[in-house]
Amino acid sequence: MREKWAHSPPLAAAFFFFFFFFFFFLSARLQVGQCQRIGGPPPPVESATQGLEDELAKFTSNIANNLAKNYDFCINDPEKDLNDAFNFTSDPSFVVNCMKTNGDFTARLCTQPEIKFYFSSLYGSEGGKKTSHLKPNNNCNLTSWVPGCEPGWACSINGDQVDPQDISDHLPPRTLSCRPCCEGFFCPSGITCMIPCPLGAYCPLATLNETTGVCDPYNYQLPAGKPNHTCGTADKWADVGSAPEIFCPAGSYCPSTIQKINCSSGHYCRMGTTHENKCFRKDSCKPNSTKQHLTIVGALLIVAFSLLLLVIYNFSDQFLTYREKRKSKSREAGAKMAKDSVVARERWKGAKDIAMRHVNDVQTQLSRTFSKRKPIKQQDFLKDVGHPLNLSELSTSNNIEPNYTNEVMHSIEEDAHSDEDFNLEIGGKKSKKDVAKGKHKHTRTQIFKYAYGQIEMEKALQQEKKNFTFSGVISLATENKARRPMLEVAFKDLTLTLGTKKLLRSITGKLMPGRIAAVMGPSGAGKTTFLNALSGKATGCKTTGLVLVNGKVEPIRSYKKIIGFVPQDDIVHGNLTVEENLWFSAKCRLSAGMPKADKVLVVERVIESLGLEPVRSSLVGTVEKRGISGGQRKRVNVGLEMVMEPSLLILDEPTSGLDSASSQLLLRALRREALEGVNICMVVHQPSYSLFKTFDDLILLAKGGLIVYHGSVNKVEEYFAGLGINVPDRVNPPDYFIDILEGIVKPSTSTSVTRKQLPLQWILHNGYEVPPDMQDDLKEMDESVRNSEPNSARSTSNMQSVAGELFGNISCTGGQEQSSLSKSNDLTNRRTPSILTQYRYYLGRVTKQRLREARLQAIDFLILGLAGICLGTIAKVSDESFGAAGYVYTVIAVSLLCQIGALRSFSVDRLEYQRERESGMSTLAYFLSKDTIDHFNTVVKPIFYLSMYYFFNSPRSSFADNYIVLIALVYCVTGIGYTFAICFQPASAQLWSALLPVVLTLLSTQQSSPKFLTNLCYPKWAVEAFIIITAKRYSGVWMITRCGVLLKSRFNINDWGLSIAVLFLYGAVFRFIAFICLLKLTKK
C-alpha cells in the first residue's frame, strides 16, 4: 500500500481513514441509542445493545489489525490512534444535535466507498500537482449537480438505506433532502455526504462574509444564483498546510469538534489540541498562550552553567593540587624518618667505635699494670684492698661493656634494612613505638621511609666503595643480588638499505653489559639509524646481517620489555608532572609482581640521581603552557626509560641542549645504571673532554654508515696515532676525529691515509672480510697504506684487536659460548601488568589530563550552549514539518562541534602513544581508557546543548527523548572523530570533521537521493529519530499531517529504536576501525 502512495502527494495517505469512519458510525449509533434510552422509553430488548457493543469491539480489533498491517509507517499504536482521533464517548453532543435537526442522520453519513473515493480522488496527482476538486461521480457530474455537491452541504441516500458494511466501489445515489452539513462534520465539495471531524478539529457552522462573499473560516464561496443556499461547515480535512482552518486554533483548545475554549492563565494550548497544558510556572503563561515561555528558564540555565564553567575554569587544578600536597607530606615525613634513622645509626656506630677504643685502652692498661707488679701474697693484698679479689671476675667485669656494646651494635647493623624506626630497649622493655611496630607497614609514609632509607644506604655504600670500574662492580652487584638480567648484543655485517641507498654498511661489533658505548660521527653518518637498527625500530628498510642477543640469533624486539629506548626528541606528556610521568612508566613497565615499595624506590632513585627533586611536582609543560626547563625535560625523557630498570638502554643524543653540569649529572646517573650491569649505548654530539673520558667504548661512524673505530675510549688516540693521525695539543679528540671525517680537517701529510680510506682501514685492522662493494676502494688504496697497518699493529703490541679484546670470535651461530658476564634469562620472567591493570593505570592518567584540560572542556561546553541558543531562537517549530529544520541544524552543529572535540583525544599525544606502544604497553588499554573518559562528554555535552535549544525552541517532544537521541548522536560522531584523528594529520582531520556532517546531512535530506545511500548516512538516522519522537506527539486531527510528513521524509514511526541502535552501531564500528588503524597505521 505504501508503494501505491509513493506515486501521489503525501496527503493522499488520508484515504485509509475510511476504516475509522465505519467505526465511528457504529459508535455514533451506540451513543444515539444510549441517548434515546435516556430521553425516551426504554428499549424493548436490552440484549440488543450489548450485542451492538460486542460487534463494535470486534470490528475495532479488525480495523486495528488492518492499520497495523498496511499503514505501520505512520501508525504506531492503531487502537490508541483510533481513540485519539474518533473516540467521542466523552462528549457526543454534536451527534445528538445533528440527529435532532436531521431525522435522516444515518442516511446522510458517507459510506465506505464514498470515503475511499474522497481521499483517493481529491488528493490524487495530476502531473505531480495536487488537485482542488473531486473527480466526477454519479451524483456530481456535468449533467447532475445537486445542492449537496456544493462545499459544506450533504444529501440523503435515495431509497433504502445502504448497508454501511458494504465494501464495494458503488457510490449510492444522494439527491434527496440536501441541507447544510451539521456542526462537527465536514462535507467535501463534489460528494453529497457527511464525514465526522476528528478530535482536535473545530468544525462550527460557517458565517457568510458579506464583503468578500466567503464562508468564514473555511474560505469557500456560495454558488451564484442560489439565494437560498447558505454556508455549511467545513468542506475538507487535510494536512495543516492545505486545510489549516479545520484545526483548533493555537491559544485555544477544543474538547469536542464544536466547542472552542480560550486557554486560561497558567496554561498553554498548541494548535489542534483537545485540552490545555499546564505551564512550568503559572506566571509564565498569560491567557491564550500558544506555548510555554521558557526563555527565562533558559536564561537561568545560562547563568548557572556559566558559573559552573567559571568554577571549572579557575579551580580545575585544585583537586589534583590537594592530592599532591597530601602525597608530598607523606613523602617528606618518610624522608625525614629515614634520615633520622640514618643519623641515629651513624651515632650508634660512632658510639660503638668509642666504646671499643675505651675497652681496648682499659684492657691494655690493666695488662701493663699486672705485668709490671711482682707477685705478692694474698694476705698482704687483702690487707690493702680489704676483701678478696677474683681475677676471673675482674676479667668478666671488664668485658661487660664491650660485649653489651657489640650486641647492641650488631642488632643495629642487622636492622640496617628495616623499614621501622630505630628504637632501643631499656630494661628489657620496648618503647611505645615498638608496640605499634608493624601496624602500618604499607602506609604511604612507611613506603617512602623505606625508599629513602635504601637511597641513603646506597649513598653510604658508594662512599665506601670508590671503585667504579666494571670489574670492581661485580662484587657490588653480587652483594645486592641484582634482579635485572644482562644483555649482550653482538652484530656482524649489519647493513640497512632503503631502496637503492645503503644507510648502514657492514657494521660489526659488540655491546657489553656494564659498559657505556658512545656513538659519534658527522651528520649523515647514520648514528640514529644505527640505534634504530640495533633496537629493531628501523621499519620500511631492508636489513641484512646478524644481530645476536646473549649469543643467540633472536629478534631483539622479543626483548622489548627490558630494553629502554630514549628518542632524540623529548616525547613526554606535557600535562603531567615530572613524578607522574615517571611513576606511570614504572607502573606499566616494571614487573607486576614487584612490591609497591620497591617501585617507589626505583622512581625515587631515578628522581634523585637525575636531579629532578626540585621540579618533581611541576608540570612538564607544552608549547602553549610553559613548564620545566629544556634540560630538565631532557632528563625526564631519559628517566622514563630508567625507571623500568632496563637491561639494554639506548639513548639518541641525550646530552644535546644540555650544559656541561647537566650532562655530567646525566652521565653519573647512567654510570650508576652501568654499575648494575646495564648495557648502555648512546649517540653523543661534541662532548667535552671530561665527558668523553667517562665513556667506556666508542663507535665512530663515517658518512655512508661505515664504521671507523669501535673499541675502548682509552685506546682510540693510540689507534689513530698508528695510522699517522695525531691529535694536536689542546684539541678535543672526538671533535678532531669528526672534523677529519667531515672533511673540515685533512689528515697529516706524514700519512697517506685519506678520510675515505679510514673505514676500509678499520676492516683490514680487525681482519674482517671486505664487502664486495668496497673491493674497488681496496684496489685504489696504496700498497704502502695497506702494508702500514701490520706495522702499526706491531708498534702497538699492547693494543689487541677490538674483535679479540671485547667481542671474541663472533661466529654468529646459536651455539656460541656465552660470555661469563651474560646470562641467558627467559624474558617471561618480566611479567608486566595485565591489560586490565594497565587500563586502570591509563584511566587514572587520562583523568588527570582531562582535569588539567578542564578549561578546554569548559570552552567546548560554552560553544555548544551558544549554538543551542542560536539554533533554538532561529529555527522556530513548524507544525507542518514537525520542526525538521531545527533538528537538521542540530545534527550538523552537534556533529561538527563534538567531532572536532573528539580529535584531541588521539591527535595531541600521538608521539607519546607510539613511544609507549613500542615499549610494550597495551594499545587496547590506552584506547579504552580514552574512550571511557570521553563518555563523560557523551553524557554531558547533550545536556549543555539541549538545555539551551529546548527552552528556546519549545518542541512538542519531551526533553528526555531528545536527550537520548543526542547521546546516540554524540557517541556516533565521537567514534568518527577518533577515526579521523588516528588516520589523518591534525589539519586534515579538522577539515574532514567540518565537512562530513554538512555533506552527509544535505545528502540524506534530499528527496532525490537513493534510499540505500541515505541509509548509509548517520544524519538520516539522527533526524529520523528526532522527527519520530515529535510525530508521536501529533495525534487526532494531525493524523493526515503526520502520515504526510513521514511519507515525504521516507521515515517510519516504529523505527525510533532502530535509529538509536544504528547510531550506537555506527559509533561502535568507527571505534573498532579507529582501534585497528591505531594498531596498523602506527607501524608505518
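**Confidence, strands and cores in a predicted model**

Biologist: Which helix has the lowest mean pLDDT among the elements of the protein chain, and which the highest?
Modeller: This is a predicted model, and its elements do not all score alike in mean pLDDT. At the upper end stands helix H33 (residues 959-983), with a mean of 95. At the lower end, with a mean of 39, stands helix H11 (residues 391-398).

Biologist: Over which residues around there is the pLDDT below 50, and how many contacts does the stretch have beyond near neighbours in sequence?
Modeller: Where pLDDT is low, the predicted coordinates should not be read in detail. That caution applies to residues 374-441, where the pLDDT is below 50. Beyond near neighbours in sequence, the number of contacts of this stretch in the model is 58.

Biologist: Which strands stand at the edges of the open sheet S15-S14-S17-S18?
Modeller: Four strands form this sheet, with antiparallel pairing. A strand with a single partner has one side left without a neighbour in the sheet, so it stands at an edge. The two strands in this position are S15 (501-511) and S18 (552-553).

Biologist: What is the bridge partner of Leu-494 in S15?
Modeller: Strand S14 (residues 489-498) runs antiparallel to S15, and seven bridges join the two. In S15, the partner of Leu-494 is Ile-507.

Biologist: Which residues of strand S19 point the opposite way from Ile-563 and Phe-565?
Modeller: In a regular strand the side chains alternate between the two faces of the sheet. Strand S19 covers residues 563-566, and its residues are all buried. Ile-563 and Phe-565 point one way; the other way point Gly-564 and Val-566.

Biologist: What is the bridge partner of Phe-565 in S20?
Modeller: Strand S20 (residues 648-652) runs parallel to S19, and four bridges join them. Within S20, Phe-565 has as its partner Ile-650.

Biologist: Is Arg-915 buried or exposed?
Modeller: Arg-915 lies in helix H31 (residues 910-918). Leaving aside neighbours within four places in sequence, its contacts include Phe-565 and Val-566. Its relative accessibility is 10%, and the cut-off for burial is under 20%, so Arg-915 counts as buried.

Biologist: Which element gives the most residues to the largest nonpolar core?
Modeller: In soluble globular proteins, nonpolar side chains tend to be buried together. The largest nonpolar core here has 123 residues, and Met-194 is one of those with the most contacts inside it. The element that gives the most to this core, with 14 residues, is H33.

Biologist: How many residues has the second, separate core?
Modeller: This core includes Ala-533, Val-600, Ile-707 and Phe-720. Its number of residues is 100.

Technical notes
Residues numbered from 1 in each chain as written. Predicted model: local features only at pLDDT ≥ 70, side-chain atom pairs only at ≥ 80, totals over all residues. Heavy atoms only, no water. Pairing = 2+ DSSP bridges. Buried < 20%, exposed > 50% of the residue type's maximum accessible area, 1.4 Å probe, protein only. Contact = heavy atoms within 4.5 Å. pLDDT = per-residue confidence, 0-100. Core = buried A, V, L, I, M, F, W, Y, C linked by side-chain atoms within 4.5 Å.
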